[in-house]
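Here is a short tour of one protein chain, written to be read with the structure open beside you. Take a moment to turn the model around before reading on.

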Amino acid sequence: MLRKTLFVLAIASALAACGKESKDPGKGGKDGKEQAGAAVNLLVSPEDMLTIQSNALASGPVITGSVQPERNADLRAEVSAVVIQVLKENGEIVKRGDVLVRLDETAIRDSLNSAEEASRASSQVLEQSERMFQRMKTLRASGMTSTQALEDAEIRRNNAQSDLSAAKSRAAQARQQLQRTLVRAPFDGIVSERKVSNGDTAQIGKELIKVIDPTSMRLEGLVSADKIGVVKVGQPVLFRINGYPGQDFAGKVRRVDPAANAVTRQVAVLVDFNDKEQPRVAGLYAEGRIETETVSALMIPDSALVKAGDVTYTWKVKDKALHKVNLRIGARDVRTGQWEVQSGLASGDTVLRTPGSTFKDGQKVELTAGKVVPAAAVASSSAAVVGKGN
């Protein structure tokens with residue numbers, strides 16, 4: 001009974017103590033809650049802000065297409081034969097004159113041997129006919145033969161000459177066909193596509209292997225016909241290539257086709273690369289813009305923008321406070337990566353360079369004039385912001 005009474009008194013004393021502490025303004029009372037809910041200022045260094053300024057924005061029609069090599073060869077069979085050996089695979093480097101595909105030469109070599117034998121026989125017949133013709137001329141001069149016999153000898157000599165020419169032609173043709181059983185690389189390059197295997201029957205015109213020169217890449221693009229009037233040869237082109245993220249390529253217009261496609265109503269435009277650094281893979285999709293004119297526009301870097309669904313906004317610093325400003329964004333300058341600001345900001349406005357996700361509209365800002373934020377901290381996170389109580 002005594003133990004129960006002591007336990008109840010202990011609980012009552014603890015509750016009384018808690019009540020006193022809650023009434024103490026310095027230990028979590030009403031004033032403590034107000035202190036916890038007080039506004040938090042943002043300490044921002046000058047390096048975390050940027051001033052919106054007007055800059056040159058290149059504009060012009062959009063060009064889309066693919067990167068293709070200027071030098072490419074689709075090697076096809078020039079004789080009907082069986083594929084004996086394919087010596088190169090896709091991606092292998094080849095030199096001019098290297099044998100890529102070997103075709104069966106048995107039948108063609110037999111034809112060559114036959115043509116050469118026929119050529120030798122015709123040559124012997126021609127020599128005999130020539131000697132006969134010369135004898136008949138001598139006999140005719142002495143009156144020992146008739147004119148008809150001389151003419152017959154001349155005809156036989158002429159026919160032998162024709163037969164020899166025909167036999168030599170057949171031998172040359174067979175020799176040429178024999179050379180065509182070895183398919184060689186026409187220039188230095190890379191095998192891009194192997195289309196036959198050992199044992200395949202290659203008819204005349206059948207695709208065997210394809211070779212490209214990776215140093216001769218160019219953009220084969222298309223421009224809408226209603227924009228083609230401002231496109232001229234020599235204009236600069238900036239574009240990006242699928243497979244090379246974050247890398248911009250520069251070129252210039254080499255040729256504009258004189259006719260639009262009857263179905264798509266687009267005009268083909270050929271663009272050369274300005275730099276030696278080119279993609280090594282053909283067929284990659286590319287998209288860019290032909291710089292036909294340059295205008296002045298407000299520009300903002302991509303890092304200062306925040307996108308929430310279809311809404312794009314930034315954090316503007318004004319009167320020592322943050323203000324959430326919705327923006328209407330225009331075209332992107334592929335040279336600098338900045339975006340055109342069509343509305344929402346004016347020249348001279350100050351915004352946060354890399355805003356965070358915990359900012360509030362109207363939140364007070366305190367500029368730390370003498371404090372320099374490390375570059376690593378700025379690059380790895382948003383603006384260097386530290387909460388500070390009143």
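Let us begin with a pair of helices. In this predicted model, α3 and α4 lie roughly antiparallel to each other, because their axes cross at roughly 160 degrees and an angle over 145 counts as roughly antiparallel. Helix α3 covers residues 106-141 and helix α4 covers residues 147-179, and their axes come within 7 Å. The crossing of α3 past α4 is left-handed. Where α3 and α4 are in contact, the residues divide into 18 nonpolar, eight polar and twelve charged.

Now for the chain as a whole. Its secondary structure amounts to five helices and 25 strands. There are 390 residues, of which 34% count as buried. If you take the contacts between residues at least 6 apart in sequence, 75% of them join residues at least 24 apart.

Some of those strands form an open sheet of four, in the order β9-β8-β6-β11, with antiparallel pairing. At its edges are β9 (182-184) and β11 (201-202), each of which pairs on one side only. In the pairing of β8 with β9, arginine 102 stands opposite leucine 182 of β9.

Strand β5 is paired as well: its partner is β12, and asparagine 72 faces isoleucine 212 in β12. The two strand pairs can be set side by side:

| Strand pair | Residues given | Sense | Bridges |
|---|---|---|---|
| β8 and β9 | β8: 99-103 | antiparallel | three |
| β5 and β12 | β12: 207-212 | antiparallel | five |

Which side chains of β5 point to the buried face, and which to the other? Along this strand (residues 72-76) the side chains alternate. Ala73 and Leu75 point to one face and are buried, while Asn72, Asp74 and Arg76 point to the other face and are not buried.

One more residue deserves a visit. Asparagine 55 sits in strand β3, which spans residues 53-59. Is asparagine 55 buried or exposed? The answer lies in between: its relative accessibility is 37%, so asparagine 55 counts as partly exposed, the class between under 20% for buried and over 50% for exposed.

Asparagine 55 also links up with a distant part of the sequence. Serine 296 is 241 residues away along the chain, yet the C-alpha atoms of asparagine 55 and serine 296 are separated by 5.4 Å. Leaving aside residues up to four places away in sequence, asparagine 55 touches Val295, Ser296, Ala297, Met299 and Gln338.

Note on methods: Residues numbered from 1 in each chain as written. Predicted model: local features only at pLDDT ≥ 70, side-chain atom pairs only at ≥ 80, totals over all residues. Heavy atoms only, no water. Axes fitted to C-alpha atoms, helices over the stretch in contact; angles between N-to-C directions. Parallel < 35°, antiparallel > 145°, perpendicular 65-115°, else oblique. Left-handed = near helix turned anticlockwise from the far one by under 90°. Nonpolar A, V, L, I, M, F, W, Y, C, P; charged D, E, K, R; others polar. Pairing = 2+ DSSP bridges. Buried < 20%, exposed > 50% of the residue type's maximum accessible area, 1.4 Å probe, protein only. Contact = heavy atoms within 4.5 Å.
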